[in-house]
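Student: I should like to learn how the features of a structural model are read. May we work through one together?

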Amino acid sequence: MSRRQHLIETALQLFYEKGIHAVGINQVLAEAGVAKQTLYNHFESKDSLLEAAIEHRDKMFFSWFEQRVNSKPPGREAVLEVFDAIDDWINNRVPLLSRFCGCFFINTCAEYSDPNHPVHQQCAKHKVKIMGLLQRIALVLKGAESDANQLADALYLLKEGSIVKAHVEGDNRAAIKARGVAELLI
C-alpha cells in the first residue's frame, strides 16, 4: 500500500470513528506513522485529505452495496437484500466497512452543513448514487418510471432511517424493521 493510500485509510478510520473536527492532523500523522512533510507531499490540506477519504469510502461502500444488491435476482429479492446488507453492516458483519459508527456521509454532512461546501456536495453525490441503484431495482418491480421513483424514494427513506435509528438509538434491528415495511410496500 502506498503512503498516500495509507494516509487516506488512516484518516478515514479516525474521521469515521471520532468525527472530522475532533481529529487533528497530528493525530492522523501519529496514527499513520508518517511525517508532516509526507502528508503535504500528497495533500495540500486537511480538507483535501478528507475529500480523498470520502472518495475512498464512497468507492468502497458503493461497490460493496451494489454487489450485495446485485447478488439477488432483480425485483423483490434485490429490494429485500438492501435491508439485509444494511443489517449486516449495522451489526458489524462487514469487516470491509469497519465497526459501525453510523453513515460516514451523513456524519460528515452534519459537520459540513453548508450545502455549497465541496465536502457536503461530495457526500450528496454518494447519496445520489445510492438513490440511482434503488431506482434501478424499483423499476423492475414497478415498470413505470414514476411508480418506480416513488418506490425508490420510500426505500431510500427506509434505508437511511434505519441507519440513523441504529446509530442514534442503538437499535441493531432497525434494518430488519425497515425490511418488514419494504415488504409491505412491494
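**Reading the core, a helix and a cavity**

Tutor: Let us begin with Phe65 in this predicted model. Leaving aside its neighbours within four places in sequence, Phe65 is in contact with Val82, Ala85, Ile86, Ile130, Leu133 and Lys159.

Student: Which residues have the most contacts inside the largest nonpolar core?

Tutor: Phe65 is one of them, together with Leu7, Leu49 and Trp89, in a core of 64 residues. At least two residues of this core come from each of α1, α2, α4, α5, α6, α7, α8 and α9 (174-185). The element that gives the most is α4, with 11 residues.

Student: How is the length of a helix checked, for instance that of α1 (residues 3-18)?

Tutor: The expected span is compared with the distance between the end C-alpha atoms. Helix α1 has 16 residues, which at 1.5 Å a residue should span 22 Å; its end C-alpha atoms are 22 Å apart, so the two values agree. Just after α1, Gly19 takes a positive phi of about 100°.

Student: Which residues of α1 are buried, and against which elements do they pack?

Tutor: The buried residues of α1 are Leu7, Ile8, Thr10, Ala11, Leu12, Leu14, Phe15 and Tyr16. The packing partners of the buried residues of α1 are α2 (25-32), α3, α4, α5 (76-90) and α6.

Student: Is Thr38 buried or exposed?

Tutor: The cut-off for a buried residue is under 20% relative accessible area. Thr38 has 14% relative accessibility and therefore counts as buried. Thr38 lies in helix α3 (residues 36-42). Its contacts, leaving aside neighbours within four places in sequence, are with Arg3 and Leu7. Leu7 is also among the buried residues of α1.

Student: How does one look for empty space within a model?

Tutor: Rolling a probe the size of a water molecule over the atoms shows where empty space is left. In this structure there is 1 cavity of 30 Å³ or more. The largest cavity holds about 40 Å³ of space.

Student: Which residues line the largest cavity, and how do they divide by character?

Tutor: The lining is formed by Arg57, Phe61, Trp89, Cys103, Phe104, Phe105, His126, Lys127, Lys159 and Ile163. Two or more lining residues come from each of α4 (46-70), α6 (104-111), α7 (118-142) and α8 (145-169). By character, the lining has 6 nonpolar, 1 polar and 3 charged residues. Two residues met earlier return here: Trp89, from the nonpolar core, and Lys159, a contact of Phe65, are both in the lining.

Definitions and conventions: Residues are numbered from 1 along each chain as its sequence is written. This is a predicted model: local features need pLDDT of at least 70, side-chain atom pairs count only at pLDDT 80 or more; totals for chains, interfaces and linings use all residues. Side-chain values use heavy atoms; hydrogens and water are left out. On a 1 Å grid over the protein atoms alone, a cavity is a set of points where a 1.4 Å probe fits but cannot get out, and a pocket is an open set with protein on both sides within 12 Å along at least five of seven lines; lining residues have an atom within 4 Å of a point. Grid points are joined across faces, edges and corners, and a volume is the space filled by probe spheres set on the points. Helices (H or I, at least four residues) and strands (E, at least two) are DSSP runs, numbered from the N terminus. Ala, Val, Leu, Ile, Met, Phe, Trp, Tyr, Cys and Pro count as nonpolar, Asp, Glu, Lys and Arg as charged, and the others, Gly among them, as polar. Buried means under 20% relative accessible area, exposed over 50%, partly exposed in between (1.4 Å probe, protein chains only). Contact means heavy atoms within 4.5 Å. The expected span of a helix is 1.5 Å times one less than its number of residues. A nonpolar core is a set of buried Ala, Val, Leu, Ile, Met, Phe, Trp, Tyr and Cys residues joined through side-chain atoms within 4.5 Å.
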